[in-house]
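Me: Please take a close look at one part of this model, following the strands and their partners one by one, and then place that part among its surroundings. I would like the cut-offs spelled out wherever a term depends on them.

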Amino acid sequence: MTSQSEHIILISPVGDLSAELIEAIAGEIKRVFGFSTETESVLQDLAFALDQNRNQYHSTLILDQLAAKSPGRAIRVIAIAQVDLFIPILTHVYGEAQLGGTACIVSTYRLNKGRSGMNISPKYIGRIVKEAIHELGHTFKLRHCPEHTCIMHYCRNEEDVDRKSDQLCRYCKVMLEDEIKRMKVF
Ligand SMILES: [Zn+2]
Ligand SMILES: [Zn+2]
């Protein structure tokens, strides 16, 4: 049981998602950031973010809504979406985060090759989990890292995602520890 006062990171699935994927993300959040998670969908209808011309969803708009709907006990919220996300300057994104903010999002769409989020092979779960941790890292003020194996490395394609490890490099790890201390949560 989690008490109301305990700080948690909220996982907010959009639509039905594989329990295996949610569990994998929850486990990695605990390992990398040290926070427990709860899973509760706070945002289901993303129609407001749909760009009719691109037939894609503008992730920045979704982040604003997520942050607004996130319960107080959640220090961070990560949405797991299944639609194709974009920001205006890019053709698509795997996810987006508010740098040093509350909300981030990752989508299974590109990393699971457009298939339903209920049907994900272990290889794709690994990719999606890495990008989820990457986006959460941004909410803890981590920026893109030049180290190719660091989970904060910016990935242009799936090969990049597969090449990087599931770990923060030593530099990013220190930055994260400093930020969590500064939050005075522990
Ligand atoms: Zn990034
Ligand atoms: Zn790094």
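Reply: The account below starts with one strand, moves out to its sheet, and then turns to the neighbouring parts. The model is predicted, so local features need pLDDT of at least 70 and side-chain atom pairs count only at pLDDT 80 or more, whereas totals for chains, interfaces and linings use all residues. Residues are numbered from 1 along each chain as its sequence is written, chains are lettered from A and ligands numbered from 1 in the order in which they are written, and side-chain values use heavy atoms, leaving out hydrogens and water.

The strand to begin with is β8, residues 103–107 (helices, H or I of at least four residues, and strands, E of at least two, are DSSP runs numbered from the N terminus). Five of its five residues are buried, so β8 is largely enclosed by the rest of the structure (buried means under 20% relative accessible area, exposed over 50%, and partly exposed in between, with a 1.4 Å probe and protein chains only). Burial holds on both of its sides: A103, I105 and S107 point one way, C104 and V106 point the other way, and all are buried.

β8 belongs to an open sheet of five strands, ordered β2-β1-β5-β8-β7, in which the pairing is mixed (two strands pair if DSSP finds at least two bridges between them). The edges are taken by β2 and β7, each with a single partner strand, so one side of each is left without a neighbour in the sheet. From one strand to the next, the twist averages 20°. Strands of a sheet pair through backbone hydrogen bonds, either parallel or antiparallel.

Both arrangements can be followed from β8. Toward β5, residues 74–81, the two strands run parallel and are joined by five bridges, and I80 has V106 of β8 as its bridge partner. Toward β7, residues 95–97, the strands run antiparallel with three bridges, and A97 stands opposite C104. The hairpin of β7 and β8 has five residues between its strands, and G100 there takes a positive phi near 70°. At the other end of the strand order, β1, residues 8–13, runs parallel to β2 and is joined to it by three bridges, with E38 in β2 as the bridge partner of L10.

Helix α2 lies across β1, β5, β7 and β8, running at about 130° to β8 (axes are lines fitted to C-alpha atoms, for helices over the stretch in contact, and angles run from 0 to 180 degrees between N-to-C directions; contact means heavy atoms within 4.5 Å). The helix, residues 59–69, also lies across β4 and β6, at about 50° to β4. These last two strands belong to a second open sheet, of three strands in the order β3-β4-β6, again with mixed pairing. Here β3 and β6 stand at the edges, each with a single partner strand, so one side of each is left without a neighbour in the sheet. β3 and β4 run antiparallel with two bridges between them, and L50 stands opposite Y57 in β4.

The loop between β2 and β3 holds L46, which is buried with a relative accessible area of 7%. Leaving aside residues up to four places away in sequence, L46 touches V14, Y57, I62, A81 and V83. L46 and L61 are 15 residues apart in sequence and 9.3 Å apart in space, C-alpha to C-alpha.

Two further features complete the surroundings. In helix α5, C172, L176, E179 and I180 are buried, and they cover an arc of only 95° around the axis, which puts them on the same side of α5 (the arc is that of the directions from the helix axis to the C-beta atoms). The face of α5 turned away from that side carries the exposed residues R170, Y171, K181 and R182, while α1 is among what covers the buried residues.

The zinc ion (ligand 1) has H134, H138 and H144 as its protein donors, each through NE2, lying 2.0 to 2.1 Å from it (donors are N, O and S atoms within 2.8 Å of the metal, or 3.2 Å for Na, K and Ca; water is not among the atoms, so sites may look incomplete). H134 and H138 are four residues apart in helix α3, residues 122–139, and are therefore separated by about one helical turn. H134 is buried at a relative accessible area of 3%, and H138 is buried at 11%.
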